[in-house]
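Please open the model in a viewer and keep the sequence panel visible. The stops below follow in order, each beginning with a selection.

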Amino acid sequence: MKHLSTAAAERLTLGLTLGLVALAALAPATHLPAHYHHFADQRALGGLPFAMDVLTNLPFALAGAWGLAWLRRATGLAQPQRMLAALFFAGLALTALCSGIYHLHPENAGLALDRAGMAVAFAGIVGLAAADRVSGRAGLALAALLLALGPLAAVWDWRTGNMTPWAVLQAGGALLLALLALRHPRSPRISDAKAPTGALGFSTLGVLGIYALAKALEMGDHAVFHALHGVISGHSLKHVAAAAAAWPVLAALKRLHKRGLTH
């Protein structure tokens, strides 16, 4: 993908995306693991149930607010990137709300709400990567598709018990980010003061690495809780790590702002 023309990269991105949609529709059904909602940390705090899993959603809100503030100050950013970054940060704020509601009373309907919020942030970050490294129209189209299919996949699992579409959405989005990481941003990196502006140039590998850490903590929820002697669970730490996946985008916005001050 690294040496493809813009048109060829657009066709490849479209083909991969359509292939993932077909896989989500045709792959065998999978089901939510038994006891999925039985998280390790069951403690309440001042009448707030599952307090740590609820309160650790606050970093999502902080990252979203911080990002929107930096985005307003950034200059020289192409319009598709600006729109998609705004979608990503708004999605983080929505994730804080939806995940917080779910963890107050963990059950299937709340999980669908939680995932629908995550899907907005997911659409923003994958679309932003595509806008940076393929084209603005590819990023906007990909984000629009994920924005439509993500909440649908979340609700589909809730109503039918088939979580395959949601699993494909998550794994497929990570695959697209990994492939896009092979391609340089369409404009030179914003750390180069002489470079033309337009692309944000954030590290997709940085986002992927932090996301992988978050998934590992989620899977090790009970093991982490016991290893840390009940101080904090893997799922609570997963929230903090997942919110930290915004850092590569925040750092790129900060560099862009500083560069604007030098001109």
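Is Arg137 exposed or buried? Arg137 counts as exposed, at 62% relative accessibility; here exposed means over 50% relative accessible area, buried under 20% and partly exposed in between, with a 1.4 Å probe and protein chains only. The model is predicted: local features need pLDDT of at least 70, side-chain atom pairs count only at pLDDT 80 or more, and totals for chains, interfaces and linings use all residues. Residues are numbered from 1 along each chain as its sequence is written, and side-chain values use heavy atoms, with hydrogens and water left out.

**Salt bridges**

Keep Arg137 selected and add Glu10: their side chains form a salt bridge, 2.8 Å from N to O. The term requires a side-chain nitrogen of Lys or Arg within 4 Å of a carboxyl oxygen of Asp or Glu. Arg137 belongs to helix H6 (residues 136–160) and Glu10 to helix H1, 127 residues apart. Helices are DSSP runs of H or I with at least four residues, numbered from the N terminus. In contrast to its exposed partner, Glu10 counts as buried at 16% relative accessibility.

Next, select Asp157 and Arg115, whose side chains meet in a salt bridge of 2.5 Å, N to O. Asp157 lies in helix H6 and Arg115 in helix H5, so this pair ties together parts that are 42 residues apart in sequence. Asp157 is buried, with a relative accessible area of 8%, and Arg115 is buried as well, at 5%. Then display Lys215, Glu218 and Lys238, which are joined into one network by salt bridges that share partners. A search of the whole structure finds five salt bridges.

**Asp41, Arg43 and Asp221**

Select Asp41 and Arg43, which form a salt bridge with the closest N and O atoms 2.7 Å apart. Asp41 is buried at 1% relative accessibility, whereas Arg43 is partly exposed at 40%.

Arg43 also serves as the reference for Asp221, a buried residue without a salt bridge: Arg43 is the nearest side chain of opposite charge, 9.7 Å away. For charge, Lys and Arg count as positive and Asp and Glu as negative, while His and the chain ends are not counted. Asp221 is found in helix H9 (residues 221–227). Which backbone nitrogen does the side chain of Asp221 reach? It is that of Ala40, at 3.0 Å. Beyond its neighbours within four places in sequence, Asp221 is in contact with residues including Phe39, Ser233 and His235, contact being heavy atoms within 4.5 Å.

**Aromatic rings**

Move to Phe39. The whole structure holds five aromatic pairs, defined for rings of Phe, Tyr and Trp (its six-membered ring) with centres within 6.5 Å; planes under 30 degrees apart count as stacked, over 60 as edge-to-face and the rest as tilted. Phe39 and Tyr102 are edge-to-face, 6.1 Å centre to centre with 85° between the planes. Phe39 is in the loop between helix H1 (6–26) and helix H2 (51–55), and Tyr102 in helix H4 (residues 79–104), 63 residues apart. Phe39 is buried, with 4% relative accessible area, and Tyr102 is buried with 1%. Add Tyr36 to show the cluster that ring pairs form from Tyr36, Phe39 and Tyr102.

Finally, select Arg73, whose charged end sits over the ring of Trp70, 4.6 Å from its centre. This description requires NZ of Lys or CZ of Arg within 6 Å of the ring centre and within 35 degrees of the ring normal. Arg159 lies over the face of Trp158, at 4.9 Å from the ring centre.

How values were computed
Helix = DSSP H or I, 4+ residues; strand = E, 2+ residues; numbered from the N terminus. Polar contact = N/O pair within 3.5 Å; in protein donor to acceptor, adjacent residues only side chain to side chain.
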